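Let's take a walk through a protein model together, one stop at a time. Have the sequence and the 3D view ready.

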Amino acid sequence: MTTTLPSYDDVVARYEPVIGLETHVELGTRTKMFCGCRTDFGGEPNTRVCPVCLGLPGSLPVVNKAAVEATIRIGLALNCSIADWCRFARKNYFYPDMPKNFQISQYDEPICVDGYLDVEVNGETVRIGIERVHMEEDTGKTLHVGGATGRIHGATESLVDYNRAGIPLVEIVTKPIPGTGSLAPDIARAYVNELREVIRSLGVSDVRMEEGSLRCDVNTSLNLPGQEWGTRTETKNVNSLRSVERAVRSEMLRQASVLDAGGRITQETRHFHEDTGDTTPGRSKETATDYRYFPEPDLVPIAPDRAWVAELKAALPELPRVHRRRLQEQWGLSDLDMQSVLNAGAVELIEQTVAAGATPAAARKWWLGELSRRANETGVELVDVGATPEQVAELQGLVDAGKLNDKLARTVLEGVVAGEGSPTEIMTSRNLEVVSDTGALTAAVDEAIAANPEIADKIRSGKVAAAGALVGAVMKTTRGQADAKTVRELILARLNVEA
């Protein structure tokens, strides 16, 4: 039976959303969390494993110091308090991708607590409280084959790759975020984007959502104004900024529909479907007691030295919000313009394009214009649209040199995005360079004047604006490869009219 969902405006007029985000970050350490296996992405299945990360009897874990340091740096960047003493726990649950049938994590004694991250949405600063930042190990990867959806339902067999099992994982859990109203999806996206930028600035992870090194679980609930918070659902493993926003919006609409019909929301995990933007049920959500946490007996507690923590804090890099303010001043942008750059996820791309030789105005024009449009049409993040900052700077260099006009440059950019090569290679192979041969242009101008004597007479009589029609005729003859300004100058010169 098809359910008609209420409109989004109707939902936010009648209900108050509460959101929360649990973000998992794979650290970029050379080896795994508790063993010496390498952590490189990819590789043949089950080739980067050992007795420790496979949980074989008699094997013992050893904590990766680099992972502890990276976690502390993340906590400091998020304004957290660093624990004087913490320890690992066993989180017991059975899934095939858990070789030991438990996960080494942290439970009631995490390493970082009580922080915050400020994000900007619609020109306003929103403070997101951070409940905890803790260390754990990642799971393996289960592949369901033989079905149409890639999920277990309908599959004929399941395969497990343990290469990822044991990779250092940091979980960053926000406090509940009430009072967001209609901006709930936007705030969720802005938070994940800002968090990604913070972690990238620390150099502790590549935070590539498409490769799974940053994954987000989105918690959403609805309640009537003045009433207790509703039952939350947890949409698992959302893997793009756009999908984080869509997952919140989708759950708000779905939950409102259920509540409007007199139903009750089930506390459960849900799967987000990129193709439809909908969520479907996963499993009922366990509580902490279901996991039977107890202290990990094979690992000693961790007591970070205060002097060491102070050294790490002093060495933190310039954080993204401060960095953006500095760039905004250098680029001469208003708060609204800078917010547009941030919303598009283009700050770093524009910065790298400027470093490659383009002006800030030109870099912003390409990334927020043609490339943003293409990213929206294809449903990908701007960074994955198919053009690099170096290619955009090269393209603008060809425009600045007079070899391409804007129209031709857009055609060249299409080729770049399609993977045909560099801007210069595409311009040459497609013969798209602006016609700069004065003799050829003069011949085209004379032809246009001869074919349009009435327009030529108007120009001679002082109606210089009429030259636009002759410019258009020349541009058509040259397939748009003439410089319009040069053509106009030649037309007026041939007709003995001053500009």
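**A ring cluster to start with**

Let's begin at Tyr-95, which counts as partly exposed because its relative accessibility is 32%. On this scale, buried means under 20% relative accessible area, exposed means over 50%, and partly exposed is in between, using a 1.4 Å probe and protein chains only. Before we go on, keep in mind that this is a predicted model, where local features need pLDDT of at least 70, side-chain atom pairs count only at pLDDT 80 or more, and totals for chains, interfaces and linings use all residues. Residues are numbered from 1 along each chain as its sequence is written, and side-chain values use heavy atoms, with hydrogens and water left out.

How do you describe two rings side by side? A pair of aromatic rings is described by the distance of the centres and the angle of the planes. Here, rings of Phe, Tyr and Trp (its six-membered ring) pair if their centres lie within 6.5 Å; planes under 30 degrees apart count as stacked, over 60 as edge-to-face and the rest as tilted. That rule gives five aromatic pairs. Tyr-93 and Tyr-95 are edge-to-face because their planes sit at 75°, with ring centres 5.7 Å apart. Tyr-291 and Tyr-293 also make an edge-to-face pair, at 6.0 Å centre to centre and 70° between the planes. Within that second pair, Tyr-291 is buried at 8% relative accessibility, while Tyr-293 is partly exposed at 22%. Ring pairs link these four residues and Tyr-107 into a cluster.

Next, a look at the backbone. Most residues other than glycine have a negative phi. Asn-79, however, has a positive phi near 65°. You'll find Asn-79 in the loop between helix H2 (65–77) and strand E2 (81–82); helices (H or I, at least four residues) and strands (E, at least two) are DSSP runs, numbered from the N terminus. Asn-237 has a positive phi too, about 50°, but its place is in strand E11 (residues 233–238).

Now for a residue tucked away from the surface: Ala-256 in helix H4 (residues 241–260). Ala-256 counts as buried because its relative accessible area is 0%. Setting aside neighbours within four places in sequence, Ala-256 is in contact (heavy atoms within 4.5 Å) with Pro-6, Val-11, Tyr-15 and Leu-222.

Finally, let's zoom out. The domain assignment, which is automatic or from a database, gives domain 1 (8–309), domain 2 (318–429) and domain 3 (438–494). The C-alpha centres of domain 1 and domain 3 lie 63 Å apart. Where do domain 1 and domain 2 each give at least three residues to a lining? They do so in the second largest pocket. A pocket is an open set of points, on a 1 Å grid over the protein atoms alone, with protein on both sides within 12 Å along at least five of seven lines; lining residues have an atom within 4 Å of a point. This pocket holds about 770 Å³ of space, where grid points are joined across faces, edges and corners and a volume is the space filled by probe spheres set on the points. Its lining has 37 residues, with Arg-196, Glu-197, Arg-200, Gly-345 and Glu-348 nearest the centre.

How values were computed. On a 1 Å grid over the protein atoms alone, a cavity is a set of points where a 1.4 Å probe fits but cannot get out, and a pocket is an open set with protein on both sides within 12 Å along at least five of seven lines; lining residues have an atom within 4 Å of a point.
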